[in-house]
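Dear colleague,

Please find below the structure that I am handing over to you, together with its sequence. My findings follow directly after it.

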Amino acid sequence: MDELRDFRQFGHKLIDWVADYLESPQKYPVLSPVSPNEIADALPAVGPERGKPLDEIFADFQRVILPGITHWNHPNFLAFFANTSSPPAVLAELLAAALNANGILWKTSPAVTELEIVTLRWLLDWMGLPASWFGMILDTASTSTLHAIAAARVAAAPETRDAGAPGGLVLYTSDQAHSSVEKGAMALGFGRSNVRSIGSDAEFRMRPELLREAIDRDRAAGLRPCCVVATVGTTSTTSIDPVPAIAEIARRENLWLHIDAAYAASAAILPEMRWILEGCEHADSFVFNPHKWLMVPVDCSVLYCRRPEVLRQAFSLVPEILKTSDGGLNMMDYGIPLGRRFRALKLWFVLRYYGREGVARVIRDQLAMVRELEKRIAASEGFEICAPALFSVVCFRLRGSDEANRALLDAVNGSGRFFISSTVVHGRLMLRIAVGNMLTSRATLDELWRTIERLSAA
Ligand code: PLP
């Protein structure tokens, strides 16, 4: 086959190109400089009638596509939750694409299901979570949380499955929760008016006494409290909700407890950081994204569930064509997707290549770098720290107006050297520096801080 000859020839070249790219993504600007529609306008409006050689396609990739890439692999990408891919994971993606194994059923590729089960058990062990939890890989935390809320809904109202969801179900989460929680509740018909945004304290943690009051008020009004979502590592400031107290309320009130630890859970692989998951053993479900801080490229989100039979109740529906009698576990019974990519393969490559120690070393080093930066910012007269840097993110601001901070953010990102982000919490604008890339070093942060000081003086 011609395409295999091309693949062999071109594949070697491409692996070299990828290795060079991963070695020094700094050759590219961290933020794509293009304007909206520039990439689309540079491409033909209709698809090609005749095929083209790979050389030509790759030349266009370099000419048209690459300029439209914001380089998450760049060490100076310090926005949102910066993260990193890793060479072993990239190779695993190549294998997964080549195998094209679609885990719609256990029998359609037993290894797809079983590697998922095994790697997710390894992670439970590494994070000190209950070994008995069921785990499945989905694309994103947003999808995982949607599944968790659907399980919560059917647990509270089993009639949902056949008769549809009753009105008046209420979900509780903090005012710092990720928007995916409210979006999930919205999509599942709770109605935004039945999502309670519980206030947070000065360190951005949900206030359990406000949760209790909100539940009491809703019960008195004849509503049906159903689910509480606590966060370990909130999106803006990486704060940790008081999970033990929230779990106790959930137990007493018979609410489904979902934990969103999408970003932060990876840190619990470090023995000295295990404390961050205190109380999470009581959760009914728990989401964590290896694609955020575990060297696995997007997408890979893990949903754990203490009560998988409830997920089945919410999602299992087996048409004749998919009935099997082999006794294998079919992941389709626990969630929305039927087709499933072999995502566990990249996770397995990463866990085996680095080992628990190697993963811990990368995260530990990033935590240390961020603490050093936090100290430096705290010691800087013109700046203040806005939230404790518990993980790999530091939130700070220039002492001055929001406008001055916004101008500083624009100047830093406009320099073309760095990409940092901002947020508004409790009405205050904060600048965020997030370290998550293996190439980000102390020298990167030193240059960034000197740049920020210089630009703020200007
Ligand atoms: N939960 C938290 C705490 C997050 O910070 C994010 C994204 O940053 C999400 C959920 C959503 O993640 P995803 O993009 O995987 O849906």
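The loop between strand S5 (224-231) and helix H10 (243-253) contains Thr238. The phi angle of Thr238 is near 65°, which is a positive value in a residue other than glycine. Please bear in mind throughout that this is a predicted model.

A further backbone feature concerns Asp299, which is found in the loop between H11 and strand S8 (301-305). The peptide bond that leads from Val298 to Asp299 is cis, and its omega is near 10°.

I turn next to the ligand. Where does the ligand sit? The ligand occupies the largest pocket. Two elements give two or more residues each to the shell around the ligand, namely helix H6 (141-156) and helix H11 (290-293). The shell comprises 13 residues, of which Ala141, Ser142, Thr235, Asp260 and Asn289 come nearest to the ligand. By character, the residues of this shell divide into 8 polar, 3 nonpolar and 2 charged.

Which polar side chain has an atom 2.8 Å from an oxygen atom of the ligand? The residue is Asn289, through a polar atom of its side chain. Ala141 takes part through its backbone: a backbone N or O atom of this residue lies 2.8 Å from an oxygen atom of the ligand. For Lys292, an N or O atom in the side chain is 3.2 Å from an oxygen atom of the ligand. As for the surface of the ligand, taken alone it exposes 390 Å², and the protein buries 86% of that area.

Finally, I describe the protein as a whole. Its secondary structure comes to 15 helices and 12 strands. Why may the protein be called as compact as a globular protein of its length? The radius of gyration of the protein is 23 Å, and the globule rule gives 23 Å for 458 residues; the two values are close, so the protein is as compact as a globular protein of that length. Taken along the principal axes, the C-alpha atoms fill a box of roughly 65 × 60 × 45 Å.

When you open the structure, I suggest that you begin with the ligand and the residues that come nearest to it, Ala141 and Asn289 among them. You may then turn to the loop that holds Thr238 and to the cis peptide bond from Val298 to Asp299.

Yours sincerely,
A colleague

Terms used: Residues numbered from 1 in each chain as written. Predicted model: local features only at pLDDT ≥ 70, side-chain atom pairs only at ≥ 80, totals over all residues. Heavy atoms only, no water. Near = heavy atom within 4 Å. Polar contact = N/O pair within 3.5 Å; in protein donor to acceptor, adjacent residues only side chain to side chain. Areas by Shrake-Rupley, 256 points an atom, 1.4 Å probe, with all protein chains shown as cover. 1 Å grid on protein atoms, 1.4 Å probe; cavity = no way out; pocket = protein on both sides within 12 Å on 5 of 7 lines; lining within 4 Å. Sits in = over half its atoms within 2 Å of the grid points. Helix = DSSP H or I, 4+ residues; strand = E, 2+ residues; numbered from the N terminus. Nonpolar A, V, L, I, M, F, W, Y, C, P; charged D, E, K, R; others polar. Rg over C-alpha atoms; globule rule 2.2 N^0.38 Å.
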